Each structure stands twice: as C-alpha cells, then as structure tokens.
Amino acid sequence: MRVLMIGDVVSQAGCEFLRKVLPGFKKQEMVDAVVCNGENSAVGNGILPRSAEFLFDSGVDVITGGNHSLRRWEIQDYLEEHPNLLRPANYPRDCYGSGYYKLDLGSCTILVISLLGQVYLEPMSSPFSCADAILEKEKADFVLVDFHAEATGEKMALGYYLDGRVSAVVGTHTHVQTADETILPGGTGYISDLGMTGPIRSILGVKPECVLRRMTTCLPTRFEVESDVPCKLEGVLLDLDKKTGKCAKIKRVRLL
C-alpha cells in the first residue's frame, strides 16, 4: 500500500500547482491514496467549499485540518456533508465536522486522524488522550495521523506515544519540510513537518514583502499569496505493509 501525504496547501497558487503535478505523480509512483492538509487552501485564509472541492477533484482522497479549519463560516455545512474533510479531532465537542475518517479502498481501510497541538496554539483537549479514544473506538488496516502543531518536541512526543499503534505520524503547520523522516522502533513512520504546497519565493507561502513589513513596522498588514509564480509540492511517500499495518518505507517528496 502506497500513500502520499502532502503538506499545507496554500491559497489558489498551491491548489493549482497540486492539480498540475499530482495526477502524473500518482500514476508514476503507483499511489493508492492521497491525504493532504488543506486548512489554508482558500484565498485569504482557512478553507472554503470551493477550495476543498478543487482539491478533491484534483485527486485528493482525504483533507486534514488545523487551527484555521473553522475560520470561514462558509465551510460549516460542507464539513457536515463531506466526512473526508476533517478538522482537528480534539476541537471542542460541539464544533461541526469530524476529526477522523475511515477511507475504504475495497482491499483495505485507512483511518485518517487530524489532531491539533497544544503548545503555542489555541487551548484544546489533549491530542494524546484524543488519539487514544479514537484508536479504542475505530479499527482499520492502516492509521495515519496528521498532527498540526507548532513545537517539534510535541510532534516527536506524539510520534513516540503512538509508535507501534499507528502506521504514520506526520507533522504539519510550520510550512517548512524537515529532514528527520524515519521509522520509529515500533514501526511507525514519522516526520516533524511535511512542508507546504505553494510559492517557492515566499515566507511560509506569503509574499516576503508583506511579512517583512509586518515584522519591521509592527503595523497591520494584509498577507498576500502571489499567483502565476513557481511553486512546489512537499510531503512524504509512505509504503505500508498490509500484513502488519506498519510503515516499511518513508521518503520525502518535493515536486517543482
């Protein structure tokens, strides 16, 4: 079983580049399923029905979320109607949408879980106990966890906490691809951050001039994402063992 997990898709530029390169890559690498983080896929911020639909139509099977998942009110009904669009599972109980989804491919099932970190982010319930509750309730051939978190230490902690119980734990949110991909002792694939899908010349996807103005003047600044510029798609390719449900190989991906 081969799964591609893609880092945060940023705005229209990221969506369009994903659509350009994903179909060919899936065919070339014989990818069975695609999971991507889409919480920043809308123009401006957050995710909208239009950007979610664009990603699904481009070949994505499950979209994971993060701290911007519920930023746009327009996504509320779409989240309820499309269970393969996730927001973090450790959001408050009354939030709309779901934090996990079981993808049925016929020959196997993949449970995808979206979680949000607690360090330097909004106060949420423990991602550790939330993962425990989901794993106790749901069973699948493979389990993939997207941990949308700021602190590398927190990401590593969850990786080791779930080692041997899930197929992979991948980090998102920082938009910078890390070089620490590995298979943990219990057989769980791990990387601290998948990276991002969007403009190469940018600061986390945003025009450098916008970020520099904000940081050098402390004035309110509208963050803009350039269109029609060179982009990249980053993530990891996972080879999963059908007999054990564990990760046999993890490889960083960067498409330009």
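**Pockets, a cavity and the overall fold**

Me: What volume does the largest pocket have?
Reply: The largest pocket has a volume of about 750 Å³, where a pocket is, on a 1 Å grid over the protein atoms alone, an open set of points where a 1.4 Å probe fits, with protein on both sides within 12 Å along at least five of seven lines. The volume is the space filled by probe spheres set on the points, which are joined across faces, edges and corners.

Me: Is this predicted, and what about numbering?
Reply: This is a predicted model, in which local features need pLDDT of at least 70 and side-chain atom pairs count only at pLDDT 80 or more, while totals for chains, interfaces and linings use all residues. Residues are numbered from 1 along each chain as its sequence is written, and side-chain values use heavy atoms, with hydrogens and water left out.

Me: Which residues lie nearest the centre of that largest pocket?
Reply: Asn40, Gly44, Leu204, Val206 and Phe223 do, out of 27 lining residues, lining meaning an atom within 4 Å of a point.

Me: And which helix gives the largest share of the lining?
Reply: That is α6, with three residues; α1 (11–29) and α6 (208–217) each supply at least two. Helices here are DSSP runs of H or I with at least four residues, strands are E runs of at least two, and both are numbered from the N terminus.

Me: What lines the second largest pocket?
Reply: Its lining includes Ser11, Gln12, Cys15 and Glu16, as well as Arg50, Ser51 and Phe54. The space in this second largest pocket is about 220 Å³, and α1 gives the most to its lining, with four residues.

Me: Switching topic, how many cavities are there?
Reply: The count is one cavity of 30 Å³ or more, a cavity being a set of points where the 1.4 Å probe fits but cannot get out. The largest cavity has a volume of about 40 Å³, and among the residues lining it are Ile47, Ile63, Leu79, Leu85 and Leu86, along with Glu39.

Me: How many helices and strands does the chain have?
Reply: The chain has six helices and 13 strands. Its radius of gyration, taken over C-alpha atoms, is 17 Å, close to the 18 Å that the globule rule (2.2 Å times the number of residues to the power 0.38) gives for 256 residues, so the chain is as compact as a globular protein of that length.

Me: What share of the residues is buried?
Reply: Buried residues, meaning those under 20% relative accessible area with a 1.4 Å probe and protein chains only, make up 55% of the 256.

Methods: Buried < 20%, exposed > 50% of the residue type's maximum accessible area, 1.4 Å probe, protein only.
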